[in-house]
Amino acid sequence: MNIRRLHTDLVQWYERNKRVLPWRETHDAYLIWLSEVILQQTRVQQGLDYYLRFTARFPDVQTLATSTEDEVLLLWQGLGYYSRARNLHKAAQRIVEQQWVPFPHTFEQVVSLPGIGEYTAGAIMSFAYNAPYPAVDGNAYRVLSRLYDCDEPFDTSAGKRLFRSFAWELLDRSHPRLHNSALMEFGALFCTPTGMNCKQCPIRTFCRANEHGTAEMLPVRKPRNQLKERYLHYTVYRTPDGMTLLHQRTNKDIWQHLWEFPLQESTEPISADGTTFTHILSHQRLHTVFTTQEVETLPQIDGCISTPWSELQNYALSRLTLKYLDYIS
């Protein structure tokens, strides 16, 4: 593989086709970090609005560090994978505690922060400081798997090591910022999961999968585990004067530290009248029922607080609770 020629062709494609995105218009490591965390498991179109809201509310790491976790979760509401938001807050506090403000400058410091692995650290180091580290997101995995015609599952420990070696081999160490941006954008816009046009691909002469006719079969994931079935019954209490009950999830489980209505979970399907939803997470399928109870006074339930219905928007609510509220409104 003529890697220097590949670099040239890939960058030429990027300069003609790249999207204009705010985190590409800055070398501020803090802002780049925000964008990388927000865009994990999130499409650019959805993540852009959150990025703009976050940067407006938390323009620097000190502002984020001195906020409350509830403030961060409320702004994150609806984006999912809430551990990202909790780790974002913890990492900001760590940066301030370690006096790494405005942001750490070494890979070792960056990768030591909560919620940051080798990919995110490499992305920050290359995009912010133009340091020679690869950045391998889902789009880059796809491009690399096809360039090298590799059918090793990329989401295993062995697969991640292998693909990282590919990324290091391919990295343009003289222009890492430009190279990583081009590789990721190429996977996002051209070398997509389906509908790729290999005959028109600007780097097809370097692609072993194109040569072998295997591009559509790549990349390969490890077999998925069977979804865990869970059965949730929410009781929505409402009084004539507009009060209701909420409780905050505190266990190390889904939606940790988010708010929802009083919950009973069972091991079997729930038989109850109410509003039903099936909500699928990455490893779980939630079978849920929301039952409304109109009461004169709210019951005393351990761990629950009373709040006006009109102030529910002031709480960081679980995605499922938001789904119910959207439905009844």
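This is a short talk on one predicted model, covering the chain as a whole, its cavity, its cysteines, two loop residues, two helices and one pocket.

I'll start with the chain overall. There are 13 helices and seven strands in it. Measured out along the principal axes of the model, the C-alpha trace spans about 75 × 45 × 35 Å. The chain has 329 residues, and buried ones make up 48% of them. On the contact side, take the contacts with a separation of 6 or more: 67% of these are accounted for by residues 24 or more positions apart. The accessible surface comes to about 17,000 Å², and carbon and sulfur atoms hold 47% of that surface.

Next, the inside of the model. How many cavities of 30 Å³ or more does a search of the whole structure find? The search returns one. The space in this cavity is about 120 Å³. It is lined by 15 residues, and those closest to its centre are Phe186, Cys191, Cys198, Cys201 and Cys207. By class, the lining divides into 11 nonpolar, two polar and two charged residues. The element that gives the most to this lining is helix H9, residues 138-147, with three residues.

Several cysteines sit in that list, which brings up disulfides. A disulfide is a covalent bond between the sulfur atoms of two cysteines. How many disulfides does the structure hold? The count is zero. Why is Cys191 not bonded to Cys201? The cysteine sulfur closest to that of Cys191 is the one in Cys201, and at 6.4 Å it is too far for a bond, given that a disulfide needs the two sulfur atoms within 2.5 Å. Cys201 gives a similar reading: the closest cysteine sulfur to its own is in Cys207, at 6.4 Å, again too far for a bond. Both cysteines are covered. Cys191 counts as buried because its relative accessibility is 10%, and Cys201 counts as buried because its value is 9%. The cut-off for buried is under 20%.

Back to H9. This helix is mostly covered, with eight of its 10 residues buried. The buried set is Ala140, Tyr141, Arg142, Val143, Leu144, Ser145, Arg146 and Leu147. Two arginines, Arg142 and Arg146, are in that set. The cover over the buried residues of H9 includes helix H1 (3-17), H10, H11 and H12.

Two loop residues belong to this part of the talk. The first is Thr192, found in the loop between helix H11 (176-189) and helix H12 (208-212). Is Thr192 buried or exposed? Thr192 counts as buried, because its relative accessibility is 15%. Setting aside residues up to four places away in sequence, Thr192 touches Arg142, Arg146 and Gly187. Arg142 and Arg146 are the H9 arginines just named.

The other loop residue is Asp172, in the loop between helix H10 (157-170) and H11. Asp172 is also buried, since its relative accessible area is 15%. Which residues is Asp172 in contact with, leaving aside its neighbours within four places in sequence? They are His7 and His179. As for Tyr133, it is 39 residues from Asp172 along the chain, and the two C-alpha atoms are separated by 9.2 Å.

Now to the other end of the chain and helix H13, residues 319-328. Its buried residues are Leu320, Thr321, Leu322, Tyr324 and Leu325. What covers the buried residues of H13? The cover here includes strands: S1, S3 (259-260), S5 (275-280) and S6 (284-294).

S1 comes up again in the last item, the second largest pocket. About 160 Å³ of space lies in this pocket. Its lining consists of His233, Thr235, Tyr237, His247, Pro262, Leu263, Gln264, Ile301, Asp302, Gly303 and Cys304. Strand S1 (228-238) and strand S4 (263-266) each supply at least two of these residues. Which strand gives the most to the lining? That is S1, with three residues. By class, the lining has five nonpolar, five polar and one charged residues.

To close, two points to take away. The cavity found in the search has a lining to which H9 gives the most, and the second largest pocket has a lining to which S1 gives the most. That is the end of the talk.

Technical notes:
Residues numbered from 1 in each chain as written. Predicted model: local features only at pLDDT ≥ 70, side-chain atom pairs only at ≥ 80, totals over all residues. Heavy atoms only, no water. 1 Å grid on protein atoms, 1.4 Å probe; cavity = no way out; pocket = protein on both sides within 12 Å on 5 of 7 lines; lining within 4 Å. Points joined across faces, edges and corners; volume = space filled by probe spheres on them. Helix = DSSP H or I, 4+ residues; strand = E, 2+ residues; numbered from the N terminus. Nonpolar A, V, L, I, M, F, W, Y, C, P; charged D, E, K, R; others polar. Buried < 20%, exposed > 50% of the residue type's maximum accessible area, 1.4 Å probe, protein only. Contact = heavy atoms within 4.5 Å. Areas by Shrake-Rupley, 256 points an atom, 1.4 Å probe, with all protein chains shown as cover.
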